[in-house]
Amino acid sequence: MKVKGAIIAAAAVMAVSTAANAATLDDVKAKGFVQCGVSTGLAGFAFTDANGVWDGFDVTFCRATAAAIFGDANAIKFTPTTGKTRFTALASGEVDILYRNTTWTLSRDVDLGFTFTGVNYYDGQGFMVRKSLGVKSAKELDGATVCIQTGTTTELNLADFFRANGMSYEPVPIETNAEAQQKYLSNACDVYTTDASGLAATRATFEKPGEHTLLPEIISKEPLGPLVRQGDDQWADISAWVLNALIIAEEKGVTKANVAKLAADGSADPEVNRLLGKEGSYGDMLGLPADWAVHAIAAGGNYGEIFERNVGESTAIGLARGLNQLWSKGGILYAPPFR
Amino acid sequence: MSDSRKPFVASGDIPPSPPPSSVVGPIAWVRANLFSSISNTVMTLFGVFIIYSLLAAVIPWLFIDSVWNATSLSDCRSIDNGACLAVIKERYLQFIYGFYPEEERWRPILSFFLMIVAVAPILFAGVPRRVLYLSGLYPAIAYWLIWGGTIWGPVGVVLGLVLAVVAYRLITTTLPAVVGLIGGGLVLVLWWLFGVEIFDGALTSVVDIGLPVVESSKIGGFLLSLIIGVSGIAGSFPLGIALALGRRSNLLFIKALSTCFIEFIRGVPLITLLFVASTLLNYFLPPGTSFDVVLRVVIMVTLFASAYMAEVIRGGLAALPKGQYEAADALGLDYWKSMRLIILPQALKISIPGIVNTFIGLFKDTVLVSVIGLLDPVGILNPIRADQNWNGIVWELYGFISIFFFIFCFGMSRYSQYLERKLQTGHG
Amino acid sequence: MATISSTGDTNFRIGMLIYDTRYRSYTIQIIALIVFMLAAAWLVSNVIQNLALLGKTFSFSFLGDTASYDINQRLIDYSSTSTHARAAVVGILNTLLVAILGCITATVVGVIAGVLRLSNNWLIARLMTIYVEGFRNIPVLVWILITVAVINETLPAPNEFRGADSDASPLLGGMLVLTNRGFYIPAPVMGDMSMAVVIVFLLSVGVMIGFRRWAKKRQEATGEILPLFPISLAILFLPTILIFFILGMPITLEYPELKGFNFRGGVFMRDSLIGLWLALSLYTGAFTAEIVRSGILAVSKGQSEAAFALGLRPGRTMNLVILPQALRVIVPPLISQYLNLTKNSSLAIAVGYMDATGTLGGITLNQTGREFETLMLLMGFYLVVSLSISMVMNWYNERVKLRER
């Protein structure tokens with residue numbers, strides 16, 4: 001029996017891996033996979049199937065990042081994180097990159113010591129209520145009981161919104177989405193508030209989604225994006241440009257289906273050639289293989305394809321592109337030029 | 001004096017007549033135990049009412065109207081209005097193993113049975129002593145079986161202990177035991193820090209024996225509870241002994257240190273220690289080090305349990321008659337020898353029921369890891385309830401978890417009561 | 001030969017540090033001290049390095065920043081513009097509230113269950129055994145989740161109280177409203193002159209204590225026993241009730257009323273508070289019952305037989321003979337159960353009750369990212385509570401010890 005304590009200590013020593021800070025890319029290459037922090041479970045964005053395989057919108061971006069580095073979308077491991085553990089997981093080097101509906105805010109960017117490398121989903125905080133309540137606007141919610149998921153910017157926005165409108169409310173803080181949902185369904189709260197995408201995703205899992213409605217007010221800006229530890233510019237650049245490459249791919253019509261062909265045959269569009277590593281040495285600059293973007297796109301398609309497959313209007317989640325449409329099509333999705 | 005005038009003389013005993021029905025038999029029992037007074041009658045009726053209403057609610061729900069075959073909650077509800085046990089039927093494997101790969105599940109099962117064999121010599125008398133070697137090796141075996149990977153890592157770790165013992169023996173031939181302990185400890189730490197890696201690497205490149213690696217994030221359910229509980233209690237055993245001895249030591253500094261540690265750990269809730277495991281532990285390690293969250297939790301739980309274990313063992317030490325200590329001194333044994341040969345074997349024997357109780361408490365506490373996002377039986381509820389098919393299901397899941405814990409903990413507590421009785425008669 | 005072991009030898013050798021028991025203990029302690037200092041220095045230097053690498057500082061200045069989140073249950077004034085420090089205090093008060101409530105009910109439940117387990121009513125004794133074993137062998141977190149789920153899932157929502165022929169209605173003539181969001185009871189409203197009533201009541205409490213002391217002295221002196229209970233009761237309540245009516249009922253009750261989404265008015269006890277309170281007291285009550293039972297069993301039967309032989313009635317036997325002896329066995333483990341209950345109240349986080357773990361160790365930690373400082377404060381708070389409870393226990397132990405013969 002005595003050996004057990006010893007073994008744990010020893011196992012700890014064995015399990016030690018260097019990860020944090022400088023040269024994340026080297027560490028990642030050395031261990032052979034990317035460790036990606038995701039949500040513990042949010043329909044459409046990050047969830048496991050019955051076999052424990054991760055899938056979803058955020059997860060696909062993680063996989064694209066792994067594919068850009070290793071050429072293999074499965075060279076990745078996922079760490080489910082809660083609102084509480086996500087930042088520590090990243091700060092301690094437990095994960096290399098965090099793709100978990102995390103809102104880009106000044107204090108997180110500056111004070112917590114992280115770098116946001118882009119926005120993969122423009123969101124805003126909304127409210128969901130029962131249709132039977134007859135509420136048409138969030139301004140009518142005076143005195144309501146509101147379920148909130150803690151550990152997010154949600155509770156801060158909510159406090160601001162109700163204070164600004166001179167209304168009172170009864171906050172019910174909940175740790176996870178599943179519990180909040182349970183509480184809302186048992187009518188222990190009138191309103192459930194979180195990011196509008198999360199609300200839509202949650203509503204989609206209800207037995208009778210038609211009995212619930214999202215109120216028109218969006219009370220905050222929630223740019224959700226990937227973040228990495230501050231101080232490793234190379235790694236931050238990789239994460240930023242994988243995301244940008246997927247957006248540019250949509251812009252230029254490079255899809256999962258035609259990316260291999262375009263990469264082999266080249267294209268008339270020089271930007272596509274640069275993107276797919278036919279021209280220039282952009283991969284070298286990032287410390288990646290020349291065809292990194294080809295693998296990234298092949299992993300799950302371009303931005304539009306990822307969106308449609310996981311959360312788009314054809315899925316149960318049924319989100320419209322809205323703000324997340326390309327800038328050329330009325331949205332605000334705008335990647336810097338690839339040159 | 002003819003025969004006819006002979007007085008009556010009984011030829012034998014009159015057979016005893018049965019006692020009146022008001023004194024024995026079921027009716028008398030009912031009268032004495034249920035309706036002996038007005039207040040008793042009222043209480044009995046109240047009790048009957050409670051039992052009736054509980055059974056009337058539970059039995060139809062659980063047995064008569066329950067649904068075993070359905071694919072979703074709404075499906076269940078459309079079949080019957082009782083318990084939707086289909087969710088248990090579909091997910092019970094997740095409750096047991098978490099997301100442990102299906103084709104590898106023989107490994108935890110094998111570890112479980114090996115564990116029973118390994119603890120047998122400690123818990124039951126009459127098991128061959130030789131099995132103790134297996135108990136000693138078990139942690140390494142179980143680690144290798146459950147997490148997989150190359151076999152040389154665990155072998156290296158065990159080898160470290162062998163080296164430490166050899167070093168201790170060599171040193172103590174010339175120097176006193178304290179130096180031996182320090183030397184042995186030093187060898188152990190150095191070997192584990194540097195030797196194991198080299199040993200592992202070298203042998204793996206020569207003969208690569210291993211099992212497929214299973215990551216911690218896939219381990220969940222009752223398996224996780226058992227891993228945390230068992231390794232916590234096993235790890236806390238040596239630590240607890242050291243702390244208990246430290247607290248009873250007459251070396252001031254060591255006593256103060258042990259007391260502070262014990263009181264600190266016992267003074268804070270386990271959940272704050274788990275927060276430390278999930279958020280702070282990495283701050284205390286050299287920059288760039290990070291390791292698995294399950295291991296971090298096991299470390300914190302071990303520290304937590306060791307404080308409680310120390311108090312249990314201290315109780316055992318205090319319960320020994322003073323004559324035992326004095327006799328050991330009188331024989332001229334030094335501190336370590338008297339502890340090892342006389343005091344600890346007796347003190348630990350008396351402490352076993354307390355240790356079992358600590359284990360029960362710890363095992364129940366393992367569900368707290370769900371708060372930091374691990375997939376223990378309570379944590380596994382989240383993915384199940386997030387599933388479109390099952391959201392809105394409550395009682396069936398809580399009931400299943402409760403029954404499991406009840407069976408396990410009740411069994412253990414009965415065992416510890418049995419031990420207590422056995423030990424008591426041993427003394428008397 | 002005696003000179004060999006003389007203590008006067010002055011030639012000290014290095015080897016004596018190891019071989020001589022007089023010096024060895026110092027050697028060991030110094031080595032231990034050095035190892036401890038090295039380990040501590042190693043940990044601290046790691047922390048400093050890690051914090052520096054993350055660009056973080058170690059400072060408690062965040063406590064003065066605006067919290068900007070709301071807390072539902074506040075015993076003191078608090079709004080989203082208050083500071084993190086105040087939020088922490090709100091949380092700490094909530095912890096203490098549920099801990100104190102829990103300790104009281106756990107004691108009541110435990111005493112009742114413990115005594116009933118010894119009852120000669122077979123059925124009741126068995127029922128209590130089922131209660132005790134059921135609660136002791138299932139994790140308290142599961143019980144907390146279950147109780148809150150029972151409230152949420154089985155009680156009516158506030159809007160079911162709406163309308164003339166509503167599905168649900170308040171109990172006890174509006175005194176108690178049970179909803180799935182919590183329970184409402186009437187709140188006292190202090191009118192003019194209400195202070196007079198409170199003062200009179202406090203005075204009566206003082207008088208009652210004085211009376212009891214006097215009665216005890218009298219009994220010791222004369223052996224005469226006064227009917228203590230009815231007289232104390234009269235002293236306690238009669239003057240207060242009189243003054244209450246003389247002043248024209250200055251204290252009134254505010255009843256909860258359904259307004260908008262929820263009931264307003266009255267005292268609102270949230271589902272999380274009720275669930276946590278109930279689960280903690282039933283769970284701890286099961287352990288308390290065992291303590292009470294063994295405490296009563298620990299008093300030997302001869303004691304009560306002797307008391308009966310002296311002609312004491314069962315009530316007095318219990319009060320004067322059994323309880324004082326049983327309490328000596330019961331109280332120390334009971335206090336450590338209180339300690340456990342207080343620590344277990346940190347599980348509030350699982351049901352959204354905003355205790356110290358929920359505010360300081362929860363939202364404040366998340367919003368400020370100061371896990372180091374917040375967790376230190378949190379552990380410090382629990383440590384202070386535990387140590388104070390231990391101090392009470394030691395004080396009690398000392399007190400009972402003195403009376404031992």
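**Exercise 1. Find out where B:Gly229 sits and what surrounds it.**

Start with the element: B:Gly229 lies in helix H9 (residues 221-248) of chain B. Helices here are DSSP runs of H or I with at least four residues, strands are runs of E with at least two, and both are numbered from the N terminus.

A quick word on the source: this is a predicted model, where local features need pLDDT of at least 70, side-chain atom pairs count only at pLDDT 80 or more, and totals for chains, interfaces and linings use all residues. Residues are numbered from 1 along each chain as its sequence is written, while chains are lettered from A and ligands numbered from 1 in the order in which they are written.

Next, is B:Gly229 buried or exposed? A residue is buried if 20 or more other C-beta atoms lie within 10 Å of its own, exposed if 12 or fewer, and partly exposed in between, with C-beta atoms placed from the backbone. B:Gly229 has 23 C-beta neighbours inside 10 Å, so it counts as buried.

Now look for its partners. Leaving out residues up to four places away in sequence, B:Gly229 touches B:Phe359, B:Leu362, B:Phe363 and B:Thr366. Touching, or being in contact, means that the C-beta atoms of two residues, placed from the backbone, lie within 7 Å. Take B:Leu362: 133 residues separate it from B:Gly229 in sequence, yet the C-alpha to C-alpha distance is 6.0 Å.

**Exercise 2. Describe the side of chain B that touches chain C.**

Count first: 44 residues of chain B and 47 residues of chain C make up the contact. Then go through the elements. Helices H2 (38-64), H8 (177-206), H10 (252-267), H11 (270-280) and H16 (395-427) of chain B each give two or more residues to this side. H16(B) gives the most, with 8 residues.

Finish with the classes: this side of chain B has 33 nonpolar, 10 polar and 1 charged residues. (Nonpolar covers Ala, Val, Leu, Ile, Met, Phe, Trp, Tyr, Cys and Pro; charged covers Asp, Glu, Lys and Arg; the others, Gly among them, are polar.)

**Exercise 3. Work out how helices H3 and H9 of chain A meet.**

Check the geometry: the axes of helix H3 (residues 57-70) and helix H9 (residues 233-251) of chain A come within 10 Å and cross at roughly 110 degrees. Axes are lines fitted to C-alpha atoms, for helices over the stretch in contact, and angles run from 0 to 180 degrees between N-to-C directions. H3(A) is therefore roughly perpendicular to H9(A). (Under 35 degrees is roughly parallel, over 145 roughly antiparallel, 65 to 115 roughly perpendicular, and the rest oblique.)

Now name the residues. From H3(A) come A:Phe61, A:Ala64, A:Thr65 and A:Ala68, and they meet A:Ile238, A:Ser239, A:Val242, A:Leu243 and A:Leu246 of H9(A). Sorted by class, this contact has 7 nonpolar, 2 polar and no charged residues.

**Exercise 4. Lay out the five-stranded sheet of chain A.**

Put the strands in order: 5 strands form an open sheet, E11-E10-E12-E9-E13 (chain A), with mixed pairing. Two strands pair if DSSP finds at least two bridges between them.

Which strands stand at the edges? They are E11 (169-174) and E13 (212-214) of chain A; each has a single partner strand, so one side of each is left without a neighbour in the sheet. From one strand to the next, the twist averages 30 degrees.

Zoom in on one pair: strand E9 (residues 125-130) of chain A and E12(A) are antiparallel, with 5 bridges. Here A:Gly126 stands opposite A:Thr194 in E12(A). To finish, add a helix: H7(A) lies across strand E10 (144-149), E11 and E12 of chain A, at about 160 degrees to E10(A).

**Exercise 5. Examine A:Asn187 and its backbone.**

Locate A:Asn187 in the loop between helix H7 (177-185) and strand E12 (191-195) of chain A. Its phi is near 65 degrees, a positive value in a residue other than glycine. For background, most residues other than glycine have a negative phi. A:Asn187 counts as buried, because it has 21 C-beta neighbours inside 10 Å.
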